[in-house]
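Have your viewer ready and a selection box open. We will walk from stop to stop, and at each one you will hear what to select and what is there.

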Amino acid sequence: MSDQHERLEQAEEFLNQCYSELGKESEELLVRLNQVKDDIQQSGFYTHTYEELVHGARMAWRNSNRCIGRFFWETLKVVDARECSDEESMAIAIFDHIKKATNGGNIVPYLTAFHPAHEKGNIRIWNHQLIRYAGYVTEDGTMIGDPASVDFTKVCQELGWEGKGSSFDILPLVIQLGENPPALFPIPEDLILEVPLTHPTNPSFEALELKWYALPIISDMKLVIGGIEYTAAPFNGWYMGTEIGARNLADTERYNMLPRVAELFQLDTSREYTLWRDEALIELNKAVLFSFKQAGVSIVDHHTAAKQFERFEKREQDAGRNVTGKWSWLIPPISPATTHIFRKGYKDDRVYPNYFYQPAPYK
Ligand code: HEM
Ligand SMILES: N=C(Nc1cccc(CNC[C@@H]2CCCN2)c1)c1cccs1
């Protein structure tokens, strides 16, 4: 099938569902379908109305099989940045996204949509997340910062960026428009909200000098709505505590903090069966949730998140829609069997609109 015919099919499927969910009259839908059919036959492309873009981005979140946070899918705010045609105006739109989404700690889920593929040049944001810590391997092979960022940190250095060399250097924004060379923008420090980590009952915890950033904002996925591909559409939510406490700071191939936490709590690390790793994990996750709450920064624990997901499942059933999911991502990394998710099966079917991985623009 030609990609024009394919795009028309995807457009019709999306518009039918979108207009039905928005309760629009069939007359309005028919007019729109004819217009889109003409546009695609003329140019192989069509442009979403703002309303279609907003609802499409929300549907894509609702269809994200790996996301436990989908209860809030209808609250996603969408900024239309499709007019941005140069790297500077994109950087400004991205800084504006960070500011509005952070909202002093009371995080608001936002998505900013830059112009889709097919128009002007293909836009890519090279960052995995807009706010993330750098990773360095020193000459003697020691690791500083986030090991997950080592490759991207090297790319930023090759583009002329110089980090301070600390464990928590915020990486610059890297934007590429079409075949232009990538443009590099340090993120203004006053836009970055961070939470220093303390423990509710162990005051010596702060000696670890740990912190994490408040705003998780994914910037390397592609939003596909009705056959139109938004290759730069950064979106943020708030963190689930385990992402920071059970993975980012705990994984041996990330900040690998469990031995240091065990030492602080004087746990017996001589044998696995003392479950010192598990105890250190719980203390670290308690510290993350406690610190974010203390700082007035939105975060959700994995038990509450699972309960919200259960309410999402019920509401989707009531709406006559099947809930698709990827079990291995939906269960939390600690105490998974204490959630209802553990005992359920989910079909990992691909439903559109949705968010997708795309090849790294550098390597
Ligand atoms: C509002 C609070 C939210 C919470 C607490 C939340 C929670 C999560 C968690 C814990 C994951 C698994 C991440 C991992 O294990 O690396 C995830 C995945 C995902 N979420 Fe959400 N989410 C939220 C909002 C959003 C929003 C606003 C969107 C998009 C509009 C979204 C789309 C996704 C997608 C596409 C994935 C899969 C990412 C991948 O495959 O790597 N989520 N979410
Ligand atoms: N809370 C969040 N966490 C999240 C969501 C999507 C993707 C990610 C990052 N996932 C990739 C990492 C690295 C491999 C496995 N997990 C985190 C959100 C980020 C943006 C919106 S919600």
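## Stop 1: a helix across three strands

Start by selecting helix α3, residues 50-62, which lies across β11, β12 and β16 and runs at about 115° to β11. Bear in mind throughout that this is a predicted model.

Now add the strands under that helix. They form an open sheet of 3 strands in the order β12-β11-β16, with antiparallel pairing. The edges belong to β12 (228-230) and β16; each has a single partner strand, so one side of each is left without a neighbour in the sheet. From one strand to the next, the twist averages 30°.

Zoom in on β11, residues 222-225, where 3 bridges link this strand to β16 in the antiparallel sense. For a landmark, pick Val 224 and look across to Asn 354 in β16, which stands opposite.

## Stop 2: a cis peptide bond

Stay in this part of the chain and select Pro 353, which sits in the loop between α10 (327-330) and β16 (354-356). The peptide bond leading from Tyr 352 to Pro 353 is cis, with omega near -10°. As background, most peptide bonds are trans.

## Stop 3: two positive phi values

Next, show the loop between α7 (258-264) and α8 (276-294), and pick Gln 266 there. Its phi is near 50°, a positive value in a residue other than glycine. Is Gln 266 buried or exposed? With a relative accessible area of 73%, Gln 266 is exposed.

Leu 275 belongs to the loop between α7 and α8 as well. Its phi is also positive, at about 55°, although Leu 275 is not a glycine. For context, most residues other than glycine have a negative phi.

## Stop 4: a buried glutamate

Select helix α9, residues 302-318, and find Glu 316 within it. Its relative accessibility is 3%; because buried means under 20%, Glu 316 counts as buried. Which residues is Glu 316 in contact with, leaving aside neighbours within four places in sequence? Show Arg 62, Trp 73, Arg 321 and Val 323 to see these contacts.

## Stop 5: a second sheet and its helix

Move on to β3, β6 and β7. These 3 strands form an open sheet in the order β3-β6-β7, and the pairing is antiparallel. β3 (123-125) and β7 (183-185) stand at the edges with a single partner strand each, so one side of each has no neighbour in the sheet. Ignoring direction, neighbouring strands here are turned by 20° against each other on average.

Add helix α4, residues 87-102: it packs on the sheet and touches β3, β6 and β7, and its direction makes about 140° with that of β6. Then focus on β6, residues 173-177, which is joined to the antiparallel β7 by 3 bridges. Here Ile 175 stands opposite Ala 183 in β7.

## Stop 6: a loop glycine and a pocket

Pick Gly 163, in the loop between α5 (150-158) and β6. Gly 163 counts as partly exposed, at 30% relative accessibility. Not counting residues up to four places away in sequence, Gly 163 touches Tyr 136 and Asp 169. Try a distance too: the C-alpha atoms of Gly 163 and Glu 206 are separated by 24 Å, and these residues are 43 apart along the chain.

Finish at the second largest pocket, with a volume of about 290 Å³. Of its 16 lining residues, Lys 164, Asp 169, Ile 170, Ile 187 and Glu 189 are the closest to its centre. Colour the lining by class and you will have 8 nonpolar, 2 polar and 6 charged residues.

Technical notes. Residues numbered from 1 in each chain as written. Chains lettered and ligands numbered in written order. Predicted model: local features only at pLDDT ≥ 70, side-chain atom pairs only at ≥ 80, totals over all residues. Heavy atoms only, no water. Pairing = 2+ DSSP bridges. Helix = DSSP H or I, 4+ residues; strand = E, 2+ residues; numbered from the N terminus. Axes fitted to C-alpha atoms, helices over the stretch in contact; angles between N-to-C directions. Contact = heavy atoms within 4.5 Å. 1 Å grid on protein atoms, 1.4 Å probe; cavity = no way out; pocket = protein on both sides within 12 Å on 5 of 7 lines; lining within 4 Å. Points joined across faces, edges and corners; volume = space filled by probe spheres on them. Nonpolar A, V, L, I, M, F, W, Y, C, P; charged D, E, K, R; others polar. Buried < 20%, exposed > 50% of the residue type's maximum accessible area, 1.4 Å probe, protein only.
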